[in-house]
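Reader: I would like to go through this model with you and ask, for each term you use, what it rests on. Please set the value against the criterion each time.

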Amino acid sequence: MALKCAKQLAVLCFVDAKKVPRHHHMGGSLTSFVPPPGDNTAAKMLDALAQALYTLDMVAVVRFVFRNNATPKLGMLFPHIKQDYSTLLYVQLPFAEDVRPHQFPSLAKNKKAAPSADMLEAMDDFIAKMDLMEAWVDEEGAHEALQPKLTFNPVLQRFYQCVHARALEPQDPVPELDPLIAKYVEPSAALHAAAAPAAGRLKDLFKLEHKQAADKKTAGHLFHSPAGEEDEGAKRARLMDDLG
């Protein structure tokens, strides 16, 4: 049963930011906490807390219930400070039961999985060819491609495009995907062309073999009728025909 709680945001403790590993950040979005409009006292208190967290390089571990009768979540607040404003950003953290600390043997100790020098060189070359640091070229020169601050979520952008089109023309069909949105979901043709030789070398060095999946045995295979003997379904059908 889900635990239902009242709406709440409660600070449980403050911890060093380095003690919260990046792979523990959960959820698909960030929540920004800002003071109510016109409330100068709340703005000063939030700014003081954000500045203190930033100076001490710490975060606040919180218990967060988004609305009444919602399930409580564990998360953290970390400062986001700009020249004109400061705020606290919330990201969800896992509970102890959500963490799966599986330990896997090192591939470096497995001689069968050890790559050769040619394989390592080919992979290094492929990664260098797929580097995004100078993948976006315009009239001003080469720039980093797909910067998070400049790259919008294509799913949300497509949704907004459709809502906008239907609001203006309710009877028209759903519009085609905007070319600007398509750039986010389609690989760069120039980047792929430059990396094609390196990708071909990887295919030659890393051979993949297709193996047939083993046929799964079911109860029907184990308890099938012997040759020449009717199964239960056939007997039942014949009996119904005789009675009819």
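Reader: Which residues of α5 are buried, and what makes a residue count as buried?

Author: In this predicted model, the buried residues of α5 are Leu191, Ala195, Ala198 and Leu202. The word is applied to a residue with under 20% relative accessible area, so each of these four falls below that cut-off.

Reader: What do the buried residues of α5 pack against?

Author: They pack against α2, which covers residues 117-129.

Reader: How do you know what span to expect for α5, and where does the helix kink?

Author: Helix α5 runs over residues 189-205 and has 17 residues. The expected span is 1.5 Å times one less than the number of residues, which means 24 Å here, and the distance from the first C-alpha to the last is 24 Å, close to that expectation. There is nevertheless a kink of about 50° at alanine 196, shortly before proline 197; this value is the angle between axes fitted to the seven residues ending at alanine 196 and the seven starting there.

Reader: Why is leucine 146 called partly exposed, and where is its place?

Author: The relative accessible area of leucine 146 is 48%, and because the partly exposed class lies between 20% and 50%, the residue belongs there. Its place is in the loop between β7 (141-143) and α3 (154-168). Not counting residues up to four places away in sequence, leucine 146 touches Leu132 and Thr151. Leucine 146 and lysine 183 are 37 residues apart in sequence, and their C-alpha atoms are 9.7 Å apart in space.

Reader: What makes asparagine 69 exposed, and into which class does aspartate 57 fall?

Author: Asparagine 69, found in the loop between β3 and β4, has 56% relative accessibility, and since exposed means over 50%, it counts as exposed. Aspartate 57, in the loop between α1 and β3, has a relative accessible area of 33% and is therefore partly exposed. As for the backbone, aspartate 57 has a positive phi of about 55° although it is not a glycine, and asparagine 69 has a positive phi of about 65°, again without being a glycine.

Reader: What makes a set of residues a nonpolar core, and which residues form the largest one?

Author: The members must be buried residues of the nonpolar kinds, joined through side-chain atoms within 4.5 Å. The largest such core has 9 residues, namely Leu46, Ala50, Leu53, Ala60, Val62, Phe64, Leu77, Leu88 and Tyr90. The elements that give two or more residues to this core are α1 (40-56), β3 (58-65) and β5 (86-93). A second, separate core of 7 residues includes Val20, Val61, Met76 and Leu93. In soluble globular proteins, nonpolar side chains tend to be buried together.

Reader: Which residues is leucine 53 in contact with, leaving aside its neighbours within four places in sequence?

Author: Leucine 53 is then in contact with Phe14, Met58, Val59, Ala60, Leu77, Pro79 and Leu88; contact here requires heavy atoms within 4.5 Å.

Reader: How do you know that β1 and β3 pair, and what is the order of the strands in the sheet?

Author: Pairing requires at least two bridges, and β1 and β3 have 8, in the antiparallel sense, so the criterion is met. Within this pair, cysteine 13 stands opposite valine 61 in β3. The 5 strands form an open sheet in the order β1-β3-β4-β5-β2, with antiparallel pairing. The edge strands are β1 (8-16) and β2 (26-33), because each pairs on one side only.

Reader: Over how many bridges does β4 pair with β3 and with β5?

Author: β3 and β4 pair over 5 bridges, and β4 and β5 over 8, each in the antiparallel sense. Glycine 75 in β4 is the bridge partner of valine 62, while glutamine 92 in β5 is the bridge partner of glycine 75. In addition, β4 and β5 form a hairpin with 4 residues between them.

Reader: Which strands does α1 lie across?

Author: α1 lies across β1, β2, β3, β4 (73-81) and β5, and runs at about 65° to β5.

Key. Residues numbered from 1 in each chain as written. Predicted model: local features only at pLDDT ≥ 70, side-chain atom pairs only at ≥ 80, totals over all residues. Heavy atoms only, no water. Buried < 20%, exposed > 50% of the residue type's maximum accessible area, 1.4 Å probe, protein only. Axes fitted to C-alpha atoms, helices over the stretch in contact; angles between N-to-C directions.
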